[in-house]
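Here are my notes after going through the file you sent. Have the viewer open while you read, since the points follow the residue numbers.

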Amino acid sequence: MKKLMTVIVWTMTTTALLVSAALAGTTLTYANFPPAQTFPCVQMEHWKAEVEKRTEGKISVQTFPGSTLLGPKNMLRGVQTGQADIGCISLPYYPGVFPAMSAVNLPVAFTSTEVASLTMWDLFTKYQPSEFDDVKVLTMFTSAPSQVMSKIAIKQLSDLKGVELRASGSILKILGGLDAQGVGMPMSQTPEALQKGVVKGLVSSFDVLKDMNFAETCRFETITNLPVYPFAIIMNKARWETLPTDVKKVLDDMGREQAQWTGHYLDNYTNEALAWGKQKYQVEVFTLTDAEHDEIKTKSAGLVESWKTAAAKAGLDAETILADMLAMKAKHEAEIGK
Ligand code: 3IO
């Protein structure tokens, strides 16, 4: 009798646990490298809220901003090995790893983040490049066109000579061509480098004037309209395969929408951040002449050629990808406006 009771109680307890586990659903961990207030983390919280709503609680997302779970450089490996289910990578932090999608980082004069982000997503879905084969890509987006934020005034291109500026990816090469001293490092290491004087400024989008408080130290801003930084939100592939079909559909359906949402958000936010910097720290903004913009263009032209060579070496049809990217860019610009 006592034994029977034990079995009954055990069965009921186990059932209760299983039911509550099923009701609680699945928790996915989502790692991000920059601080919580920056745009990659703002889009992460937006995605979390939408996913939890659209899956009606079947999925909950636990977010880890500020490199608390994975950092900028171990993000890719960490997601591949399942240390986090989902992670955010800035593609230029992984030179040579993404030969196709690094096209988005080329100097092709994106002026809208929404256009750049949609172009990136459409290019990815069309070509499905094998460089992302061992992860599941949930969405992609870019930063806004890159500007110079510095402790010293860069009033004209020639003022860049010898100036150490933090950047990553193709922007480093552009800076080299302009006789500046590009220093490669992730965004999350930049505050310390600025503080120690290792760099005199950075090249990124204006959102960070406010979100990283760079307006306080970098009082001079120069509008250069250099390339955007491409980002990808990736998921551990085995973990993806464990998700039910209806959940997979919700996440797949959100890919393009999330790219557009993030681009649109950042286009508005960069203006707001610059206005904030002017108001709070009286930052000064310098513009370049048309001749100087032409000079940047001429001196950066070689980058497109070296991308083509590298892409061809990786077995890609570089000409077609590039032409397609430019066509998508033009189409989105016509639809959305620059
Ligand atoms: C970026 C990266 C992390 C947080 C905010 C950001 N705003 C613009 C960028 C792009 C960039 O500089 C980078 O290194 O990815």
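Below are numbered points on the ligand site, the cysteines, two backbone angles and some long-range pairs.

1. Keep in mind that this is a predicted model. Every distance, angle and accessibility below is computed from that prediction.

2. Let's start with the ligand. How many residues surround the ligand, and which are the closest? There are 16 of them, with Ser90, Tyr93, Arg166, Ser204 and Asp207 the closest. For setting up a view of the site, those five names are the ones to select.

3. Some of these residues also make polar contacts through their side chains. In Tyr93, a side-chain N or O atom is 2.5 Å from an oxygen atom of the ligand. Arg166 also puts a polar side-chain atom 2.5 Å from a ligand oxygen. For Ser90, the distance from a polar side-chain atom to an oxygen of the ligand is 2.9 Å. On its own the ligand has 350 Å² of accessible area, and the protein covers 100% of it.

4. Where does the ligand sit? The space it takes is the largest cavity. Two elements give two or more residues each to the shell around the ligand: helix H2 (39–54) and helix H7 (207–211).

5. Ser168 is worth a click too. You'll find Ser168 in the loop that runs between strand S6 (164–167) and helix H5 (170–177). Ser168 counts as buried, because its relative accessibility is 6% and the cut-off for buried is under 20%. A polar atom of the Ser168 side chain lies 3.4 Å from the backbone oxygen of Pro92.

6. Now the cysteines. Why is there no bond between the sulfurs of Cys41 and Cys88? The cysteine sulfur closest to that of Cys41 is in Cys88, and at 7.2 Å it is too far away for a bond. Going the other way, the closest cysteine sulfur to Cys88 is the one in Cys41, again at 7.2 Å. A disulfide needs the two sulfurs within 2.5 Å, and by that rule the count comes to zero disulfides. Are these two cysteines buried or exposed? Cys41 is buried, with 1% relative accessibility, and Cys88 is buried as well, at 0%.

7. Two backbone angles deserve a look. Most residues other than glycine have a negative phi. Glu56 isn't a glycine, yet its phi is positive, at about 50°. The residue is in the loop between H2 and strand S2 (59–64), and Glu56 counts as exposed at 74% relative accessibility. Asn213 is also not a glycine and also has a positive phi, of about 55°. Its place is the loop between H7 and helix H8 (214–217). With a relative accessible area of 28%, Asn213 is partly exposed.

8. Next, some pairs that are apart in sequence, starting with Ala301 in helix H11 (residues 290–313). Which residue is listed with Ala301 at 194 residues apart in sequence? The partner is Pro107, with a C-alpha to C-alpha distance of 7.8 Å. Ala301 counts as partly exposed, with 44% relative accessibility.

9. Ser60 is in strand S2, and its relative accessibility of 23% makes it partly exposed. Leu28 is 32 residues away from Ser60 in sequence, while their C-alpha atoms are 6.3 Å apart.

10. Trp121 belongs to helix H4 (residues 113–127). Is Trp121 buried or exposed? Trp121 is buried, with a relative accessible area of 9%. Trp121 and Pro230 are separated by 109 residues in sequence and by 10 Å in space, C-alpha to C-alpha.

11. Last one: Val285, found in strand S11 (residues 284–287). Val285 is partly exposed, with a relative accessible area of 32%. Between Val285 and Phe206 there are 11 Å in space, C-alpha to C-alpha, and the two are 79 residues apart in sequence.

Terms used: Residues numbered from 1 in each chain as written. Predicted model: local features only at pLDDT ≥ 70, side-chain atom pairs only at ≥ 80, totals over all residues. Heavy atoms only, no water. Buried < 20%, exposed > 50% of the residue type's maximum accessible area, 1.4 Å probe, protein only. Near = heavy atom within 4 Å. Polar contact = N/O pair within 3.5 Å; in protein donor to acceptor, adjacent residues only side chain to side chain. Areas by Shrake-Rupley, 256 points an atom, 1.4 Å probe, with all protein chains shown as cover. 1 Å grid on protein atoms, 1.4 Å probe; cavity = no way out; pocket = protein on both sides within 12 Å on 5 of 7 lines; lining within 4 Å. Sits in = over half its atoms within 2 Å of the grid points. Helix = DSSP H or I, 4+ residues; strand = E, 2+ residues; numbered from the N terminus.
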